[in-house]
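User: I am new to this structure and would like a quick tour. Please take me through it in short questions and answers.

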Amino acid sequence: MMQAESDTPGGGTGGQMVKLKDLVPAATNTVNTTFIVLDKAAPSSRPHHSHPNAHAQARGGDEVTCLALVADETAAAHFLLWGGECGAFEPGDIVRLTGGIFSYHRGNALVLRAGRRGRAEKVCEFTMLFVETPNMSEIQWGRDPDDPRRMVQEAVVSPYSQVFKPLR
(Lines give C-alpha, C1' and ligand atoms only; values in the text may rest on other atoms or scores of the structure.)
Protein backbone atom coordinates (compact mmCIF):
# COMPACT_ATOMS: atom_id res chain seq x y z
CA MET A 1 0.00 0.00 0.00
CA MET A 2 1.52 3.30 -1.05
CA GLN A 3 1.32 6.35 1.19
CA ALA A 4 2.24 9.95 0.48
CA GLU A 5 3.78 11.92 3.30
CA SER A 6 1.70 14.85 4.46
CA ASP A 7 3.11 18.36 4.55
CA THR A 8 0.48 19.26 7.12
CA PRO A 9 1.63 18.51 10.68
CA GLY A 10 -0.83 16.26 12.46
CA GLY A 11 -2.60 15.03 9.39
CA GLY A 12 -3.36 15.64 5.82
CA THR A 13 -6.25 17.03 3.93
CA GLY A 14 -7.31 16.05 0.47
CA GLY A 15 -6.58 12.37 1.07
CA GLN A 16 -2.90 12.72 1.97
CA MET A 17 -1.61 10.14 4.44
CA VAL A 18 0.36 10.96 7.56
CA LYS A 19 2.75 8.72 9.49
CA LEU A 20 2.08 8.28 13.20
CA LYS A 21 5.38 10.00 14.11
CA ASP A 22 3.99 13.17 12.52
CA LEU A 23 0.82 13.32 14.66
CA VAL A 24 0.27 16.58 16.53
CA PRO A 25 -2.67 17.17 18.89
CA ALA A 26 -5.38 19.18 17.16
CA ALA A 27 -9.13 19.64 17.42
CA THR A 28 -9.72 18.92 13.74
CA ASN A 29 -10.66 15.77 11.84
CA THR A 30 -7.71 15.80 9.43
CA VAL A 31 -5.77 12.62 10.23
CA ASN A 32 -5.56 10.12 7.38
CA THR A 33 -3.29 7.18 8.20
CA THR A 34 -2.89 3.42 8.10
CA PHE A 35 -1.73 1.30 11.05
CA ILE A 36 -1.74 -2.18 12.54
CA VAL A 37 -3.60 -3.01 15.76
CA LEU A 38 -1.07 -4.51 18.19
CA ASP A 39 -3.18 -4.96 21.32
CA LYS A 40 -6.65 -4.10 22.57
CA ALA A 41 -8.05 -3.64 26.06
CA ALA A 42 -11.40 -5.03 27.12
CA PRO A 43 -14.38 -2.74 26.48
CA SER A 44 -15.43 -0.54 29.37
CA SER A 45 -18.65 1.33 29.91
CA ARG A 46 -19.71 4.35 31.90
CA PRO A 47 -23.01 6.14 32.25
CA HIS A 48 -24.00 8.12 29.19
CA HIS A 49 -23.65 11.88 29.65
CA SER A 50 -25.27 13.19 26.46
CA HIS A 51 -22.29 12.17 24.36
CA PRO A 52 -22.66 13.25 20.73
CA ASN A 53 -21.33 9.90 19.50
CA ALA A 54 -24.58 7.91 19.50
CA HIS A 55 -23.00 4.65 18.27
CA ALA A 56 -20.88 4.52 21.46
CA GLN A 57 -23.94 3.58 23.53
CA ALA A 58 -24.80 0.09 24.71
CA ARG A 59 -28.05 -1.13 26.17
CA GLY A 60 -29.03 0.84 29.23
CA GLY A 61 -27.56 4.06 27.81
CA ASP A 62 -23.96 3.35 28.87
CA GLU A 63 -21.10 4.69 26.76
CA VAL A 64 -18.85 1.79 25.63
CA THR A 65 -15.23 2.37 24.65
CA CYS A 66 -12.01 0.39 24.44
CA LEU A 67 -8.41 1.40 23.94
CA ALA A 68 -6.07 -0.19 21.41
CA LEU A 69 -2.34 0.09 20.83
CA VAL A 70 -1.66 0.77 17.15
CA ALA A 71 1.55 1.36 15.19
CA ASP A 72 3.10 1.95 11.80
CA GLU A 73 6.75 1.85 10.75
CA THR A 74 7.46 5.23 12.40
CA ALA A 75 5.68 5.26 15.81
CA ALA A 76 2.84 3.92 17.95
CA ALA A 77 -0.23 5.56 19.50
CA HIS A 78 -3.32 4.77 21.54
CA PHE A 79 -6.46 4.43 19.41
CA LEU A 80 -9.85 4.90 21.08
CA LEU A 81 -12.66 2.69 19.77
CA TRP A 82 -16.34 3.53 20.36
CA GLY A 83 -19.32 1.22 20.63
CA GLY A 84 -19.43 -1.24 17.74
CA GLU A 85 -15.86 -0.39 16.77
CA CYS A 86 -14.72 -2.28 19.90
CA GLY A 87 -15.73 -5.59 18.33
CA ALA A 88 -14.83 -4.67 14.76
CA PHE A 89 -11.03 -4.63 15.17
CA GLU A 90 -8.64 -7.21 16.63
CA PRO A 91 -4.85 -7.40 17.06
CA GLY A 92 -3.27 -8.06 13.67
CA ASP A 93 -5.84 -6.04 11.74
CA ILE A 94 -4.51 -3.32 9.46
CA VAL A 95 -6.78 -0.29 9.63
CA ARG A 96 -7.13 2.79 7.41
CA LEU A 97 -8.30 5.86 9.30
CA THR A 98 -9.70 8.75 7.29
CA GLY A 99 -10.82 12.04 8.80
CA GLY A 100 -9.56 11.01 12.23
CA ILE A 101 -8.54 13.17 15.15
CA PHE A 102 -5.54 13.09 17.53
CA SER A 103 -6.59 14.94 20.66
CA TYR A 104 -7.10 14.77 24.41
CA HIS A 105 -9.96 12.57 25.60
CA ARG A 106 -11.56 13.32 28.96
CA GLY A 107 -8.94 15.95 29.67
CA ASN A 108 -5.71 14.02 29.93
CA ALA A 109 -5.53 10.96 27.66
CA LEU A 110 -4.04 11.76 24.25
CA VAL A 111 -5.65 9.38 21.75
CA LEU A 112 -6.17 8.85 18.06
CA ARG A 113 -9.81 8.23 17.14
CA ALA A 114 -12.25 8.35 14.27
CA GLY A 115 -14.54 10.85 15.97
CA ARG A 116 -18.00 11.64 14.61
CA ARG A 117 -16.84 12.56 11.12
CA GLY A 118 -13.99 10.10 10.65
CA ARG A 119 -13.98 6.51 9.45
CA ALA A 120 -11.91 3.48 10.46
CA GLU A 121 -11.97 0.43 8.20
CA LYS A 122 -10.08 -2.86 8.16
CA VAL A 123 -8.07 -3.14 4.95
CA CYS A 124 -5.82 -6.16 5.56
CA GLU A 125 -4.29 -8.46 8.21
CA PHE A 126 -0.85 -9.25 9.64
CA THR A 127 1.40 -7.81 6.92
CA MET A 128 2.83 -4.50 8.08
CA LEU A 129 6.14 -3.35 9.50
CA PHE A 130 5.82 -1.46 12.77
CA VAL A 131 7.69 -0.02 15.75
CA GLU A 132 6.41 0.36 19.31
CA THR A 133 8.42 3.45 20.16
CA PRO A 134 8.03 6.36 20.25
CA ASN A 135 4.45 6.24 21.46
CA MET A 136 2.87 9.53 20.38
CA SER A 137 0.24 9.23 23.13
CA GLU A 138 3.02 9.25 25.76
CA ILE A 139 4.46 12.63 24.77
CA GLN A 140 3.77 15.79 26.73
CA TRP A 141 2.72 18.61 24.43
CA GLY A 142 2.55 22.37 24.98
CA ARG A 143 1.77 25.53 23.04
CA ASP A 144 4.49 26.86 20.76
CA PRO A 145 5.65 30.16 22.37
CA ASP A 146 6.18 31.66 18.91
CA ASP A 147 2.79 30.54 17.57
CA PRO A 148 0.13 29.68 20.20
CA ARG A 149 -1.99 27.97 17.52
CA ARG A 150 0.64 25.21 17.21
CA MET A 151 1.55 22.42 19.61
CA VAL A 152 5.16 21.33 20.21
CA GLN A 153 6.67 18.37 22.00
CA GLU A 154 7.83 19.30 25.51
CA ALA A 155 8.85 15.95 26.99
CA VAL A 156 8.59 12.21 26.53
CA VAL A 157 6.54 10.76 29.38
CA SER A 158 7.47 7.20 28.37
CA PRO A 159 8.98 5.81 25.14
CA TYR A 160 6.54 2.87 25.29
CA SER A 161 2.85 2.69 26.11
CA GLN A 162 2.15 2.84 29.84
CA VAL A 163 -1.19 1.10 29.20
CA PHE A 164 0.02 -1.89 27.16
CA LYS A 165 3.17 -3.94 27.86
CA PRO A 166 5.83 -4.03 25.10
CA LEU A 167 5.45 -7.03 22.77
CA ARG A 168 9.03 -8.25 23.25
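User: In which sense do S5 and S6 pair, parallel or antiparallel?
Analyst: A word first: this is a predicted model. Serine 103 stands opposite valine 111 in S6. S5 and S6 are joined over five bridges, and their sense is antiparallel.

User: How many helices and strands does the chain have?
Analyst: Read the elements from the N terminus on. They run β-β-β-β-α-β-β-β-β-β. The total is one helix and nine strands.

User: What share of the residues of the chain count as buried?
Analyst: A residue is buried when its relative accessible area is under 20%. The chain has 168 residues. The share of them that count as buried is 47%.

User: How many residues of S4 are buried?
Analyst: S4 covers residues 76-82. Ala76, His78, Leu80 and Trp82 point one way, while Ala77, Phe79 and Leu81 point the other way. Residues on both sides are buried. The count for S4 is seven of seven.

User: Which residue in S6 is the bridge partner of leucine 80?
Analyst: Start with the strands. S4 pairs with S6, residues 109-113, in the parallel sense over two bridges. S6 is mostly covered, with four of its five residues buried. Within S6, the partner of leucine 80 is arginine 113.

User: Which element gives the most residues to the largest nonpolar core?
Analyst: This core has 28 residues, and among those with the most contacts inside it are Phe79 and Leu112. Elements that give two or more residues to the core include S1 (31-40), S4, S5 (93-105) and S8 (139-144). The top contributor, with four residues, is S3.

User: Why does tyrosine 104 count as partly exposed rather than buried?
Analyst: Tyrosine 104 lies in strand S5. Buried means under 20% relative accessible area, and exposed means over 50%. Tyrosine 104 falls in between, so it counts as partly exposed, with a relative accessibility of 35%.

User: What distance separates the C-alpha atoms of tyrosine 104 and proline 25?
Analyst: Along the chain, tyrosine 104 and proline 25 are 79 residues apart. In space, their C-alpha atoms are separated by 7.5 Å.

User: How many residues lie between S8 and S9 in their hairpin?
Analyst: S8 and S9, residues 147-156, pair in the antiparallel sense over six bridges. One bridge sets glycine 142 against valine 152 in S9. The two strands form a hairpin, and the number of residues between them is two.

User: Which residues does the cis peptide bond at proline 134 join?
Analyst: Most peptide bonds are trans. Proline 134 sits in the loop between S7 (119-125) and S8. Omega is about 0° for this cis bond, which joins threonine 133 and proline 134.

User: What is the phi of phenylalanine 126?
Analyst: Phenylalanine 126 is also found in the loop between S7 and S8. Most residues other than glycine have a negative phi. Phenylalanine 126 has a positive phi, near 65°.

User: Is phenylalanine 126 buried or exposed?
Analyst: The cut-off for exposed is over 50% relative accessible area. Phenylalanine 126 has a relative accessibility of 59%, so it counts as exposed.

User: How many disulfides are found in the whole structure?
Analyst: A disulfide is a covalent bond between the sulfur atoms of two cysteines. Cysteine 86 is buried, at 5% relative accessibility. Cysteine 124 is partly exposed, at 33%. The search finds a disulfide count of zero.

User: Which residues line the largest cavity?
Analyst: Rolling a probe the size of a water molecule over the atoms shows where empty space is left. The search of the whole structure finds one cavity of 30 Å³ or more. About 30 Å³ of space lies in the largest cavity. Its lining is Leu69, Glu132, Tyr160, Ser161, Phe164, Lys165 and Pro166.

User: How many residues of that lining are nonpolar, polar and charged?
Analyst: Glu and Lys count as charged, and Leu, Tyr, Phe and Pro count as nonpolar. The lining of the largest cavity divides into four nonpolar, one polar and two charged.

How values were computed: Residues numbered from 1 in each chain as written. Predicted model: local features only at pLDDT ≥ 70, side-chain atom pairs only at ≥ 80, totals over all residues. Heavy atoms only, no water. 1 Å grid on protein atoms, 1.4 Å probe; cavity = no way out; pocket = protein on both sides within 12 Å on 5 of 7 lines; lining within 4 Å. Points joined across faces, edges and corners; volume = space filled by probe spheres on them. Disulfide = S-S within 2.5 Å. Buried < 20%, exposed > 50% of the residue type's maximum accessible area, 1.4 Å probe, protein only. Pairing = 2+ DSSP bridges. Core = buried A, V, L, I, M, F, W, Y, C linked by side-chain atoms within 4.5 Å.
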